[in-house]
Amino acid sequence: MLTHEENDLLCRVEGDAPMGQLMRRHWIPVCLSEEVAEPDGTPVRLRILGDELVAFRDTDGKLGLLDGYCPHRRALLALGRNEDCGLRCLYHGWKFDVNGNAMELASEPPESTLKEKVKHKAYPTREAGGFVWAYLGPAAEMPEFDAPPFAADPSAQVSILRIKIPCNWAQIQEGQIDSAHSSSLHHSDMKPARVAGAEADDKSWYRPSTDKSPKLQIERTPYGFHYAAIRRPIKNAASHDYIRVTEFIAPFVSLIPPNNLYKVASVIVPADDETSWFHFIAWGDPATCIKTTEWRQFCAAEPGVDLNPDWSPVRCLENNFLQDRQAMKDGNMTGIRGIPNQDIAMWVGMGPIVDRSNDILGASDLAIVEFRRLMLDAAKRMRDEGKAIGIGSDVPVRAGIQSYQEVLPKTVDWRNVVNAAAAE
């Protein structure tokens, strides 16, 4: 349990909130590259950490991310014209380039020198792994761009689904690092099978265990923590364990144990205190990794079918997430189609910001306890010392961090296997 004050410290991200200020010291994935693929295309309205932003690609293909309000009279720039290497506000015709320089102030007299004095807020950007990344913190503290594992190899297939979720980032992140829930909530989609390790096809994921009560072991890292969920395997249960190691790379990324075809990750970015951008990612060898369209179909997160134009889900609390009670009577665990949608029903059902002063935690919640401790300590350090978790010379290059799953002899320590793989 947390106090109300601790819960606020963990959850609040807007303005001067320590957690939001911590996140601003990292490169943040603010939108998908596919949303701004077209030069002179439609500007993209964004809300990140409570800030109104606008992303666009100019005539020459340069990417811009600006404060979303025109500095003149605060009109929305996302409604403006993207033309001739700049974004023009509709209200009075003020136009800005990708660096925030004023190109034209149409409402001002020709002799005015105001254009030379106006500088709009623009943010540094990078593109990698299907995302547009931006740095929203103090310029003097901007770190080098360090791409996470799924964005490290330009030749890898990266398939992303994006969903706008009406709840706080922390309850989503807790769901992503909670291995215990998958055996219940996702039972109909993550099926026990007599396989050597985790496998996947176009219908389901398969696991070599029926164990719904994993034992958890945790190890902190300079970038967050990782933990092993240890289950009894279907085969050789007396001599072996089924190990699933999840990596939490603070503050946004979780690496979920892979299957035989692709690796899995999630990225959660707060839009504000009560809304979040959820990204679920399949990535790996282009020869085996599921492609973007099929990934979105598999997860029932297809734009225009399962998602509205603003990426919000058609399945929502008001329609009970389109839950099929007849399917439940016929044996389906949840009656909700798509692994992410099953999770979303749980997160959103908790309310916009869950009250952690009332929850009752058990042995299977060890990773949740660690996440809360870690991020509360990180928020306090940000507030008191101005230092952000995951930034510094002691943090390894993120490209080498890997999640892991395997059936191992009981005599083998998973930490040695994971750390050796990261060192390769």
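This passage describes the domains, selected helices and several buried residues of a predicted model.

The protein is divided into two parts, domain 1 (29–139) and domain 2 (157–422). Taken over C-alpha atoms, the centres of domain 1 and domain 2 are separated by 34 Å. Contact between them involves 14 residues of domain 1 and 14 residues of domain 2. An unreviewed UniProt entry lists residues 27–134 as "domain: Rieske". In the model, the span 27–134 is 41% strand and 4% helix, and its end C-alpha atoms lie 5 Å apart.

Within that span, Ser-33 was examined in detail. Ser-33 occupies the loop between strand S1 (27–32) and strand S2 (44–48). With a relative accessible area of 16%, Ser-33 is buried, because the cut-off for a buried residue is under 20%. Although Ser-33 and Phe-131 are 98 residues apart along the chain, their C-alpha atoms are separated by 5.0 Å. When residues up to four places away in sequence are not counted, Ser-33 touches Arg-57, Glu-127, Gly-130, Phe-131 and Val-132. With one of these residues, Glu-127, the side chain of Ser-33 forms a side-chain polar contact of 2.9 Å.

Attention then turns to helix H9, which comprises residues 366–385. The 20 residues of H9 reach 28 Å from the first C-alpha to the last, close to the 28 Å expected at 1.5 Å a residue. Buried positions in H9 include Ala-367, Ile-368, Glu-370, Phe-371, Arg-372 and Leu-374; also buried in H9 are Met-375, Leu-376, Ala-378, Ala-379 and Met-382. The elements that cover these buried residues include helix H1 (4–11), helix H2 (18–24) and helix H4 (169–176). Strands also contribute to the cover of H9, among them S15 (215–221), S16 (224–231) and S17. Just after H9, Gly-386 adopts a positive phi of about 75 degrees.

Two of the helices that cover H9 were considered in turn. In H1, the residues Asn-7, Leu-9, Leu-10 and Cys-11 are buried, and the buried residues of H1 pack against H2, H4 and H9. H4 is mostly covered, with eight of its eight residues buried. The buried residues of H4 are Trp-169, Ala-170, Gln-171, Ile-172, Gln-173, Glu-174, Gly-175 and Gln-176. At the start of H4, a side-chain oxygen of Asn-168 comes to within 2.9 Å of the backbone nitrogen of Ala-170.

Strand S17 (residues 240–249), which takes part in covering H9, contains Asp-241. The relative accessibility of Asp-241 is 17%, so this residue counts as buried. A polar contact of 2.8 Å links the side chain of Asp-241 to the side chain of Lys-410. Leaving aside neighbours within four places in sequence, Asp-241 is in contact with Ile-230, Arg-231 and Pro-233, and also with Glu-406, Val-407, Leu-408 and Lys-410.

A further buried aspartate, Asp-273, has a relative accessible area of 10%. Asp-273 lies in the loop between strand S19 (263–272) and strand S20 (275–284). The side chain of Asp-273 makes a polar contact of 3.3 Å with the side chain of Arg-12. In addition, a polar atom of the Asp-273 side chain lies 2.8 Å from the backbone nitrogen of Val-13. The contacts of Asp-273, again without neighbours within four places in sequence, are with Cys-11, Arg-12, Val-13, Glu-14, Asn-168 and Ile-353. Among these contacts, Cys-11 is one of the buried residues of H1, and Asn-168 is the residue whose side-chain oxygen reaches toward Ala-170 at the start of H4.

The cysteines were examined last. A search of the whole structure finds zero disulfides. Cys-11 is in no disulfide, and the nearest cysteine sulfur, that of Cys-167, is 9.9 Å away. Because a disulfide requires two cysteine sulfur atoms within 2.5 Å, the sulfur of Cys-167, at 9.9 Å from the closest cysteine sulfur, in Cys-11, is too far for a bond. Cys-11 has 0% relative accessibility and therefore counts as buried. Cys-167, with 0% relative accessibility, likewise counts as buried.

Definitions and conventions: Residues numbered from 1 in each chain as written. Predicted model: local features only at pLDDT ≥ 70, side-chain atom pairs only at ≥ 80, totals over all residues. Heavy atoms only, no water. Buried < 20%, exposed > 50% of the residue type's maximum accessible area, 1.4 Å probe, protein only. UniProt positions renumbered as here; feature names shortened; annotations may be inferred. Helix = DSSP H or I, 4+ residues; strand = E, 2+ residues; numbered from the N terminus. Polar contact = N/O pair within 3.5 Å; in protein donor to acceptor, adjacent residues only side chain to side chain. Contact = heavy atoms within 4.5 Å. Expected span 1.5 Å × (residues − 1). Domains from an automatic or database assignment.
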